[in-house]
Amino acid sequence: MKKTSRLPGFYKLSIDERLKIVREFAGLTEEETLALKNFGNLGEKLADVMIENVIGCMSYPFAVAVNFMINDKEYLVPMVLEEPSVVAAASNAARFMRRDGGIKAKAEASLMIGQIQVINLLNPNYAKMLVLEHKNEILDLANQQDSVLVRLGGGAKDVEARIIDTRIGPMLIVHLIVDVKDAMGANAVNTMCEAVAPLIEKITAGKVLLRIISNNAVKRLVRAWVKVYKEDIGEEVVDGIVAASAFAEADPYRAVTHNKGIMNGIIAIALATAQDHRAIEAGAHAYAARTGTYRPLSVWEKDDEGNLVGTLELPLAVGVVGGATRTHPVAKVALKILGVKTAKELAEIMAAVGLAQNFAALRALATEGIQKGHMKLHARNIAIMAGAKGELIDKVAEIMIKEGKIRYSRAVEILKNILKKR
Ligand code: MEV
């Protein structure tokens, strides 16, 4: 049979039927097919309804970062990711951030922006005034879509209107400002935008095209700040981190990597709690570039006593109700480990951990570099893969590091030699 990716009705098949087709298409072995068919702690039924065309599951490790004190409260922080060293770095950084109630963080109200694009307007300026004139009518209609949210004190709160110049002419962009409370908000906002579109067409005599949330969540900022005492890390490290921060502030090439380090912590929590991490990334990087130049989301300075003080500000659209946060059994457990009840508290933890993660990276970079720690973990992983157990893991890893050869084949050899001598 000719190999084709054109598979009408693929989505209607069972997981096994789909998997059989993929197996033939890609020439998968029995072992490879079985690797996909492990549904782990999500379960086959849930996996099959969460997204389309499911043929299996993929597991990532779930860890907890320890030592976190945020806003005077103890936290164990669930993290899911594939990169070694991140959890260890966060836990280690948090040790230096427990004084004075720990890392401080504060999230603004959960205001999201919904965009309604109005085209074909002869008089966009006049149409803008009409939209603002009918603000209450638009808000009422929007709020009729989500009585639960309104009852909780949320809902559509404001209407803004902007005229933008585009290469196909001016457009009126209506913004619906919605307090989404403890949800990420995309569903509520998109529903409201679609519902008010016909009214906006009637008001403006234009044509509404796109009706969608903006992931540029600039009205949902969270801030975190911390003081690290100079006697805990040494004056040289304080100066090193300040210089590393100044580098990122002045150079977008460095700022992107600096922010990547922050996102290591934030996205790991986002994955553990089943957030829309693409939305978080998009919003964070747009915020970093809001001045027209890409800049670091955090800044490290020295206070008048020589201590290191760090601050972080970014938008975080996260939720503790709705979506996969409530359907993924492990995300529910992650939220329980965190002990959070509100989206604001979750955002505050994520920002605090992002700041600690950033500190850990800068501290390592400004001193011994990050490769030493990375290599140690990498070597341990390779030793484990080669079959080392217990104390032999570190022994095999150490020899490989000393030799500068961290390879599976070498780990097998070393392990064989050690076992022979016993
Ligand atoms: C690696 O995942 C993250 C770092 O590159 C961040 C940084 O350079 O600040 C270490």
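These exercises walk through a predicted model of one protein chain.

**Exercise 1. Overall build**

Task: Describe the chain by its extent, its secondary structure and its buried share.

Solution:
- Step 1. Start with the extent. The C-alpha atoms fill a box of roughly 85 × 75 × 40 Å along the principal axes.
- Step 2. Turn to secondary structure. The chain has 18 helices and 10 strands.
- Step 3. Look at burial. Of the 422 residues, 45% count as buried.
- Step 4. Check which contacts span the sequence. Take the contacts with a separation of 6 or more: 70% of them come from residues 24 or more positions apart.

**Exercise 2. Domains**

Task: Which residues does the domain assignment give to each domain?

Solution:
- Step 1. Domain 1 covers 1-59.
- Step 2. Domain 2 is written as two stretches, 62-104 and 220-369.
- Step 3. Domain 3 covers 111-214.
- Step 4. Domain 4 covers 372-420.

**Exercise 3. Where domain 2 meets domain 3**

Task: Describe the contact between domain 2 and domain 3 by distance, area and chemistry.

Solution:
- Step 1. Place the two domains. Their C-alpha centres lie 33 Å apart.
- Step 2. Count the residues in the contact. Domain 2 supplies 12 and domain 3 supplies 7.
- Step 3. Find the area. The two domains bury about 640 Å² between them, with 57% of it on carbon and sulfur atoms.
- Step 4. Ask who loses the most area on the domain 2 side. Arg-220, Ala-317 and Val-321 do, and together they make up 62% of what that side buries.
- Step 5. Sort the residues on the domain 2 side. They divide into 6 nonpolar, 2 polar and 4 charged.
- Step 6. Count the links. There are 0 salt bridges between these domains. There are 5 residue pairs in polar contact.

**Exercise 4. Charged pairs**

Task: Classify the residues of three salt bridges as buried, partly exposed or exposed.

Solution:
- Step 1. Recall the principle. Side chains of opposite charge can pair when their charged atoms come close.
- Step 2. Set the scene. The structure holds 22 salt bridges.
- Step 3. Take Arg-23 and Glu-30. Their side chains meet in a salt bridge, 3.1 Å from N to O. The relative accessible area of Arg-23 is 28%, so Arg-23 is partly exposed. Glu-30 has 47%, so Glu-30 is partly exposed too.
- Step 4. Take Lys-181 and Asp-179. The closest N and O atoms of this salt bridge are 4.0 Å apart. Lys-181 has 29% relative accessible area and is partly exposed. Asp-179 has 10%; buried means under 20%, so Asp-179 is buried.
- Step 5. Take Arg-422 and Glu-391. Their salt bridge is 2.8 Å from N to O. The pair links distant parts of the chain, 31 residues apart. Arg-422 sits in the segment after helix H18 (408-421), and Glu-391 in helix H17 (residues 391-403). Arg-422 and Glu-391 are both exposed.
- Step 6. Add a network. Arg-99, Glu-231 and Asp-232 are joined by salt bridges that share partners.

**Exercise 5. Ser-298**

Task: Which side chains make polar contacts with the side chain of Ser-298?

Solution:
- Step 1. Locate the residue. Ser-298 belongs to strand S9 (residues 298-302).
- Step 2. Judge its burial. Ser-298 has 0% relative accessibility, so Ser-298 counts as buried.
- Step 3. Find the polar partners. The side chain of His-258 is in polar contact at 2.7 Å. The side chain of Asn-358 is in polar contact at 2.5 Å.
- Step 4. Widen the view. Beyond four places in sequence, the contacts of Ser-298 include Ser-245, Ile-262, Thr-311, Leu-312 and Leu-355.

**Exercise 6. Met-97**

Task: Is Met-97 buried or exposed, and which residues is Met-97 in contact with?

Solution:
- Step 1. Locate the residue. Met-97 lies in the loop between helix H4 (86-95) and strand S3 (104-107).
- Step 2. Apply the cut-off. Buried means under 20% relative accessible area; Met-97 has 1%, so Met-97 counts as buried.
- Step 3. List contacts beyond four places in sequence. Among them are Met-69, Ile-103, Val-226, Val-228, Trp-300 and Phe-359.
- Step 4. Pick out Ala-356, another contact of Met-97. Met-97 and Ala-356 are 259 residues apart in sequence, yet their C-alpha atoms are 8.0 Å apart in space.

How values were computed: Residues are numbered from 1 along each chain as its sequence is written. This is a predicted model: local features need pLDDT of at least 70, side-chain atom pairs count only at pLDDT 80 or more; totals for chains, interfaces and linings use all residues. Side-chain values use heavy atoms; hydrogens and water are left out. Domain bounds come from an automatic or database domain assignment. Contact means heavy atoms within 4.5 Å. Buried area is the accessible area (1.4 Å probe) that two parts lose on being put together, summed over both. A polar contact is a pair of N or O atoms within 3.5 Å; within protein, one must be able to donate a hydrogen and the other to accept it, and residues adjacent in sequence count only if both atoms are side-chain atoms. Ala, Val, Leu, Ile, Met, Phe, Trp, Tyr, Cys and Pro count as nonpolar, Asp, Glu, Lys and Arg as charged, and the others, Gly among them, as polar. Helices (H or I, at least four residues) and strands (E, at least two) are DSSP runs, numbered from the N terminus. Buried means under 20% relative accessible area, exposed over 50%, partly exposed in between (1.4 Å probe, protein chains only).
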